[in-house]
Amino acid sequence: MAKKVEIELGGRKLSMETGWMAKLADGAATVRYGDTVVLVTAVASRKIKEDADYLPLFVDYREKTYAAGKIPGGFFKREGRPSEKEVLTARLIDRPLRPLFPLGFRNEVQIMAVVLSADAENDPDILAVIGGSAALALSDIPMVRPVGAVRVGRQNGKFIFNPTHAQVEEGELDLVVAGTKDGVNMVDGRARQISEEVIQESLLFGHQAVKQIIDGIEQLVGTAGKEKRTVELFQVDEEIKRRVAEFVKGRITEVVSLPDKRQREELGNTMVEETLAEFAEIYPDKETEIKAALDEIEKEEVRRRIIEEGKRVDGRVRSEIRPISCQVGILPRTHGSAIFSRGQTQSLVVTTLGTAHDEQILDELKGESSKTFMLHYNFPPFSVGEIRPVRGPGRREIGHGALAERALRPVLPSSEKFPYTIRIVSDILESNGSSSMATVCGASLCLMDAGVPIKAPVAGLAIGLVREGERAVLLTDIAGMEDYFGDMDFKISGTREGITALQMDIKGEGVTPEILKEAFAQAKTARLTILDKMEEVIREPRPQISPLAPHIIVIRVPLDKVGTVIGPGGKTIRGIIEKTGAEIDIDDEGEITISAPDEESARKAVKMIESLTADVEVGKMYLGKVKKITDFGAFVEILPKQEGLVHISQLADYHVKRVEDELKVGEEILVKVMDIDPQGKIRLSRKAAAREKQHQKNGEG
């Protein structure tokens, strides 16, 4: 029997229902907000995955085009590989749920979210997170406790629950907040240079809705939830762990004390091999447990040194940033380039400027749109000294690229000010933690190197946390091992004025407002230090874009002149393109975008268009062409398709008997516009133009 719960959220109803769709799944929930409906299911295997050394959780999110009344494009006319939006939403579902499975749970779990209806106002991603939590809570799959999720927007100084797409675009904040009743455990979003204090307020505001949503999930579980199954949890045998700890005593401290990642890994691998060889006969077929024991021992030692001795893996104090070096303009044929290094993390970032033809067209459930700014992040295996096949970007690469893109978008110039399509590519050359934040710093540098007039440079870093009981230590600019063994990865990017993007993941049930406040303060201090280092290399955008980039000029013409520019069958505009080599785009509002390989060609095209669309001005001189001669004067074309009459009396200071004695058809002469009558007839004077030119010459003399 179907069960349903409704709650009021942001002035609209959020409903959660179960028991009528996907009843053979271990758990299923249908979540609706407005006319957006998402079905989420959860299924877990009955047996532990023996070879897994992690929680094998698989999350898929798919948007059915029928949800928005559309038929897929392409030859096959069906949904294909996941879009970037679908990948990012799958990660959004995974991140708050993964930490809340029991420690040692190694059964395979699959969560599938399917958008069934989309109203083009309410984003399905929040409903998918809520549905994933509800499906797991309703199922017999073990889970510590449910989570809730909400999107927080801000307009005119006021926070909004679950803003519509339009409100997000118009507002200054787009923040997804997820967590348990005890605290926030996942944050993801962007802001328009908002202060740390306002961001913290938004997290507290969002957490109120999170708790309200969890109440609704618990109410639904109370009427339709299943009893949780008993499962086998992976645990390291205490005797094995004790004996392994005795064997590596002293060695483990030596390993975690090495500041160089490569040396630490080499010594660590040697220690693992020697440990496996030592216990091969004593504990046959226990290689997985021995490795897990070593991992736990290493984790405990890293955390003990931080908590008790204040010693980090690479010897830094808790608020210290790794050594930074920056360079710009390093590649000769690119439009902008930079290398940003922080410790053993290094990003090569390149900016390419394109025209309107380079825009990315997005066909999403909310409608079709274009994208003029793209940031692509690549993580090749050599960056961590590994060998693996390279088969396109994975979910992590798409996620890190999207985070860096969000961080930079608020400082980009408007399309009116800078009508270019911008693509940034970050290739990670070395990685030992926070490569996405190195991408943000490098991208700021290479944008300025390319001459993009950004509002301010952006820097980013990650804050970590090690928490044992009542003791909590925040770590600035965490390295890879501190991320792996720590309790939090809190990435924050921004300018000197405020935050532009943030992403937080917690390995647990959430953090307190006090910890968040300290983390924001620590991150701000570090961010300003990083910006100082970056500004030593380049302080502001170069005054001109790269000469290798296309030159784009935007002009606007009256709507009644658009047809003149295009010409019959496009003949006129094709002629301009052929003569100048420029690309020309005209929109319905009369805005003309001219892009050419060099400035001279672009200016030539502008001049030709302006001559087609200009209005004749009384008192102005023009170099015109004689089109027709009559007994009483000559008709002269002074602008394309605009002719005036030079009466025979206005040809010269002396008496002219015959016009043919002075002029020939096709001849170019200088004339002055004397008058335009109500019928639009133009009266010209060659005599007045000659006098004015002589006066100008005498004046210059």
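The legends below describe close-up views of a predicted model.

**View 1. An open sheet of eight strands in the predicted model.** The strands follow one another in the order β8-β7-β9-β10-β21-β20-β18-β19, and their pairing is antiparallel. Strands β8 (158–161) and β19 (471–476) stand at the edges, and because each has a single partner strand, one side of each is left without a neighbour in the sheet. From one strand to the next, the twist averages 20 degrees.

**View 2. The pairing of strands β7 and β9.** Strand β7, which covers residues 148–155, runs antiparallel to strand β9, which covers residues 173–179, and six bridges join the two. Within this pairing, Ala149 has Ala178 in β9 as its bridge partner.

**View 3. Helices α9 and α12 lying across strands of the sheet.** Helix α9 (residues 395–408) lies across β10 (184–194), β20 (488–494) and β21 (499–506), and runs at about 145 degrees to β21. Helix α12 (residues 513–535) lies across β18 (459–468), β19, β20 and β21, and its direction makes an angle of about 145 degrees with β18.

**View 4. Lys181 and its salt bridges to Asp215 and Glu218.** The salt bridge between Lys181 and Asp215 has its closest N and O atoms 2.6 Å apart, and it links distant parts of the chain, since Lys181 belongs to the loop between β9 and β10 whereas Asp215 belongs to helix α4 (residues 196–224), 34 residues apart. In the salt bridge between Lys181 and Glu218, the closest N and O atoms are 2.9 Å apart; Glu218 also lies in helix α4, so this pair ties together parts that are 37 residues apart in sequence. Lys181 is partly exposed, with a relative accessible area of 32%, and the acidic partners are likewise partly exposed, Asp215 at 40% and Glu218 at 37%.

**View 5. A salt bridge within helix α15, between Glu599 and Arg603.** The two side chains meet at 3.7 Å, N to O. Both residues lie in helix α15 (residues 599–613), where they are four residues apart, about one turn of the helix. Glu599 has a relative accessible area of 42% and is therefore partly exposed, and Arg603, at 47% relative accessibility, also counts as partly exposed.

**View 6. A network of salt bridges around several arginines and acidic residues.** Arg312, Arg316, Arg322 and Arg342 are linked with Asp314, Asp477 and Glu482 in this network. For the model as a whole, the count comes to 57 salt bridges.

How values were computed
Residues are numbered from 1 along each chain as its sequence is written. This is a predicted model: local features need pLDDT of at least 70, side-chain atom pairs count only at pLDDT 80 or more; totals for chains, interfaces and linings use all residues. Side-chain values use heavy atoms; hydrogens and water are left out. Two strands pair if DSSP finds at least two bridges between them. Axes are lines fitted to C-alpha atoms, for helices over the stretch in contact, and angles run from 0 to 180 degrees between N-to-C directions. Contact means heavy atoms within 4.5 Å. A salt bridge is a side-chain nitrogen of Lys or Arg within 4 Å of a carboxyl oxygen of Asp or Glu. Buried means under 20% relative accessible area, exposed over 50%, partly exposed in between (1.4 Å probe, protein chains only).
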